Amino acid sequence: MISELINTNQLQKADPVFGQLSFDNHEQVVFCNDKDTGLKAIIGIHNTVLGPALGGTRMWQYANEWEALNDVLRLSRGMTFKSAITGLNLGGGKAVIIGDAKTQKTPELMKRFGEFVHSLSGKYITAEDVGMETSDMDLVREVTPYVTGISEEKGGAGNPSPITAYGVFMGMKAAAKFKFGTDVLEGKKVIVQGIGHVGETLVEHLVQEGAKVIIDDINQERLEAISKKYGATIYKGENIYAEEVDIYAPCALGATINDATIQTLKAKVVAGAANNQLADEIKHGRLLQEKGIVYAPDFLINAGGIINVYAELENYDKTEIMRKTENIYNTTIEILNNADVNNITTHQAALNIAQSRIEARKKENQQ
Ligand code: NAD
């Protein structure tokens with residue numbers, strides 16, 4: 001979470017929007033307020049060179065508005081590179097709704113949010129993220145066509161999380177192949193942090209393959225349910241980063257690789273679903289490289305969800321969704337080799353490819 005990254009004092013000292021640390025030449029930032037429903041949301045549109053800015057909506061109880069703003073700035077930027085590296089004709093955007101999804105989310109609030117999305121005439125297309133369900137997107141769909149991740153009954157591609165988990169599993173296997181010389185995860189000790197929509201399906205794939213799965217979550221009830229369902233071990237220690245494991249899979253929130261955790265991190269591979277896993281992409285990317293920890297870039301391996309929702313816009317079927325998602329394996333191998341050969345971080349290697357695709361399109365558009 002952004003709070004682990006920058007303290008609020010630092011955020012407040014900077015200029016309110018364009019001066020924020022996470023501001024990266026975003027094209028548009030839209031603040032949405034509605035007194036009647038209590039909606040307070042921010043839509044971040046980072047870049048639309050490759051296409052409309054598509055990215056999910058997160059509902060979260062932020063400590064303050066600075067955190068919400070910086071989260072949407074970071075997340076929307078990440079979406080630009082995710083779609084670019086995955087070869088989709090989409091730009092990067094994201095939205096955050098400030099509030100507790102469990103107690104403050106109402107159908108009226110979701111529809112009002114949908115009206116704000118609609119007011120952007122398709123420049124931003126939403127979907128679900130943390131705190132959102134397919135049923136919420138169905139509500140948004142009642143007021144705007146600029147929404148994906150709607151239920152199959154309503155003509156959508158359904159919940160993207162299982163596909164995201166499958167893509168993460170593919171990226172993890174590729175990282176294992178690079179690090180251990182085999183992509184078979186049987187017997188590998190994997191810790192999955194966050195066993196929500198994506199984490200659970202990842203646990204399922206891992207257990208099926210015979211990995212030794214350890215799970216961690218702040219939700220005790222869920223931990224017990226998932227442990228029982230899949231036979232995974234609940235983590236009981238004090239510091240999961242210091243646990244001797246083969247693979248650490250961050251599947252909760254971002255910035256868990258930071259100044260504090262990187263010192264004790266013992267995993268040999270980091271591969272998970274969370275967005276923005278590195279608190280500081282350059283510094284922590286480099287430190288992982290120096291420690292010989294293979295990092296499968298988050299925006300590359302968690303692209304299954306966007307591949308799934310993109311199908312709703314392009315009308316491709318489940319077979320094509322799975323083919324594109326499986327291809328995350330090949331792209332990950334390519335990126336890891338590229339980083340190795342050029343002695344750059346894996347994050348940088350992935351970013352270079354994404355940025356060059358955007359630059360090439362920009363030139364084409366200018367001709
Ligand atoms: P989710 O809300 O369903 O699950 C998140 C889980 O993390 C919850 O069980 C929560 O209790 C747990 N959690 C929160 N803080 C924690 C902490 N400090 N320690 C341990 N567990 C904690 O979300 P999701 O849809 O499964 O997404 C997980 C991550 O993957 C998010 O970062 C999301 O942005 C990213 N992601 C999701 C998708 C998708 O298709 N859902 C796609 C791309 C990226």
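This report describes the ligand site, the parallel sheet and several individual residues of a predicted model.

**The ligand and its surroundings**

The shell around the ligand consists of 20 residues, and the closest are Thr164, His197, Asp217, Ala252 and Asn275. By chemical character, this shell comprises 8 nonpolar, 7 polar and 5 charged residues. Domain 1 (25-73 + 93-159) and domain 2 (162-355) each supply at least three residues to the shell.

Polar side chains approach the ligand at the distances listed below.

| Side chain | Ligand atom | Distance |
|---|---|---|
| Serine 161 | nitrogen | 3.1 Å |
| Histidine 197 | oxygen | 2.7 Å |
| Aspartate 217 | oxygen | 2.6 Å |

On its own, the ligand has 840 Å² of accessible area, of which the protein covers 83%. Two or more residues of the shell come from each of the elements α6 (161-180) and α7 (197-209).

**The parallel sheet**

An open sheet is formed by 6 strands with parallel pairing, in the order β9-β8-β7-β10-β11-β12. At its edges stand β9 (233-234) and β12 (294-295), each of which pairs on one side only.

Strand β7 (residues 189-193) is mostly covered, with 4 of its 5 residues buried. Its pairing with strand β8 (residues 212-216) is parallel and extends over 5 bridges. Within this pairing, lysine 189 has lysine 212 of β8 as its bridge partner. Strand β8 is also joined to β9, again in the parallel sense, by 2 bridges. Here isoleucine 214 is matched with threonine 233 in β9.

**Two buried residues**

Threonine 144 is located in the loop between α5 (134-141) and α6. This threonine counts as buried because its relative accessibility is 1%, and the cut-off for a buried residue is under 20%. The side chain of threonine 144 makes a polar contact of 2.9 Å with the side chain of histidine 118. In addition, a polar atom of the threonine 144 side chain lies 3.1 Å from the backbone nitrogen of tyrosine 146. Threonine 144 thus has side-chain partners in both a side chain and a backbone.

Alanine 53 belongs to strand β3 (residues 53-54). Its relative accessibility is 0%, and therefore alanine 53 is classed as buried. In sequence, alanine 53 is 31 residues from serine 22, and the C-alpha atoms of the two residues are 18 Å apart in space.

**Two residues with positive phi**

Most residues other than glycine have a negative phi. Alanine 255, which is not a glycine, has a positive phi of about 60°. The loop between β10 (247-250) and α9 (259-262) contains alanine 255. Asparagine 315, likewise a residue other than glycine, has a positive phi near 60°. This asparagine is placed in the loop between α12 (304-314) and α13 (318-326).

Which of the terms buried and exposed applies to alanine 255, and which to asparagine 315? Alanine 255 is buried, because its relative accessible area is 1%. Asparagine 315, by contrast, counts as exposed because its relative accessibility is 69%, and the cut-off for an exposed residue is over 50%.

Definitions and conventions: Residues are numbered from 1 along each chain as its sequence is written. This is a predicted model: local features need pLDDT of at least 70, side-chain atom pairs count only at pLDDT 80 or more; totals for chains, interfaces and linings use all residues. Side-chain values use heavy atoms; hydrogens and water are left out. A residue is near a molecule or strand if one of its heavy atoms lies within 4 Å of it. A polar contact is a pair of N or O atoms within 3.5 Å; within protein, one must be able to donate a hydrogen and the other to accept it, and residues adjacent in sequence count only if both atoms are side-chain atoms. Accessible areas come from the Shrake-Rupley method with a 1.4 Å probe; for residues, only the protein chains shown count as cover. Ala, Val, Leu, Ile, Met, Phe, Trp, Tyr, Cys and Pro count as nonpolar, Asp, Glu, Lys and Arg as charged, and the others, Gly among them, as polar. Domain bounds come from an automatic or database domain assignment. Buried means under 20% relative accessible area, exposed over 50%, partly exposed in between (1.4 Å probe, protein chains only). Two strands pair if DSSP finds at least two bridges between them.
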